[in-house]
Amino acid sequence: MLTKERVIEDFKGKIHCSQIVLGEVAEELGYDREDALRIGSPFGGGMFCGETCGAVLGALIAIGMKYGNSERGNKKQDAICIKKVRAFQEKFKERHGSTACKELLGYDFSDPEQVKEAFASGKVFELCPVLVMDAVEILNDVLSDDAE
């Protein structure tokens, strides 16, 4: 079970928000958890520059793993994937007001000094676990809703 404490321990062990979210659903989607952690590793901290929140990116990768289109001209599958992405983003924004790491945390992860400040302030260990756990919850709702 995903807990705030586990998320914090993962952060301290250099497992990023994107990896945690993706890793939580990988096996359920038929993928190896270790592969999912590797795939999700470049997306923490909003791709380490404060752009889209890593927890959101991990969820979007998972949505692609389940609903992504791999065939040229498959408009139906493409539309399903887009609908799922939008549903996730809308629900996340309803809870947190944004999907941007910089806006959520108030720190710019492209600036090493601000990264240090974000950790030193404790905000990463207070807010980010909530974002990760909410992303997993919303993702599970989106993945389980197969209504088109």
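**Aromatic pairs, a pocket and some lone cysteines**

A search of the whole structure, which is a predicted model, turns up 2 aromatic pairs. In one of them, the ring centres of Phe88 and Phe92 sit 5.9 Å apart and the planes meet at 25°, so this pair counts as stacked; the cut-off for that label is under 30 degrees. Both partners belong to helix α6, which covers residues 75–96, and because they are 4 residues apart there, about one helical turn separates them. That fits a general rule: an α-helix has 3.6 residues a turn, so residues three or four places apart point the same way. As for solvent, Phe88 and Phe92 are both buried.

Another pair joins Phe119 to Phe125, and here the arrangement is edge-to-face, with 5.6 Å from centre to centre and 70° between the planes. Phe119 has a relative accessibility of 34%, so it counts as partly exposed.

Phe119 turns up again in the largest pocket, which holds about 310 Å³ of space. Of the 22 residues lining this pocket, those closest to its centre are His16, Gly44, Gly45, Phe109 and Phe119. Several helices chip in: the elements that give two or more residues to the lining are α4 (44–50), α5 (54–67), α7 (101–105), α8 (112–120) and α9 (123–144). Sorted by class, the lining has 16 nonpolar residues, 5 polar ones and 1 charged one.

Helix α8, one of those contributors, has something to look at on either side. At its start, a side-chain oxygen of Asp111 comes to within 2.9 Å of the backbone nitrogen of Glu113. After α8 comes Gly122, with a positive phi near 85°.

Gly44, one of the residues closest to the pocket centre, has a polar contact of its own. The backbone nitrogen of Gly44 lies 3.1 Å from a polar atom in the side chain of Ser18. Ser18 is found in helix α2, residues 17–25, and with a relative accessible area of 0% it is buried.

Helix α4 also has a couple of backbone oddities. Met47, which lies in α4, has a phi near 65°, a positive value in a residue other than glycine. Phe48 is in α4 as well, and its phi is positive too, at about 60°, although Phe48 is not a glycine. In terms of exposure, Met47 has a relative accessible area of 36% and is therefore partly exposed; for Phe48 the figure is 37%, so that residue is partly exposed too.

That leaves the cysteines. The structure holds 0 disulfides. Cys17 is in no disulfide, and the nearest cysteine sulfur, in Cys53, is 5.4 Å away; a disulfide would need the two sulfur atoms within 2.5 Å. Cys17 counts as buried because its relative accessibility is 12%. What about Cys81, and how far is its sulfur from the closest cysteine sulfur? The distance is 18 Å, again to Cys53, which means the two are too far apart for a bond. Cys81 has a relative accessible area of 14%, so it is buried.

Terms used: Residues numbered from 1 in each chain as written. Predicted model: local features only at pLDDT ≥ 70, side-chain atom pairs only at ≥ 80, totals over all residues. Heavy atoms only, no water. 1 Å grid on protein atoms, 1.4 Å probe; cavity = no way out; pocket = protein on both sides within 12 Å on 5 of 7 lines; lining within 4 Å. Points joined across faces, edges and corners; volume = space filled by probe spheres on them. Nonpolar A, V, L, I, M, F, W, Y, C, P; charged D, E, K, R; others polar. Buried < 20%, exposed > 50% of the residue type's maximum accessible area, 1.4 Å probe, protein only. Polar contact = N/O pair within 3.5 Å; in protein donor to acceptor, adjacent residues only side chain to side chain. Phe/Tyr/Trp six-rings, centres within 6.5 Å; stacked < 30°, edge-to-face > 60°.
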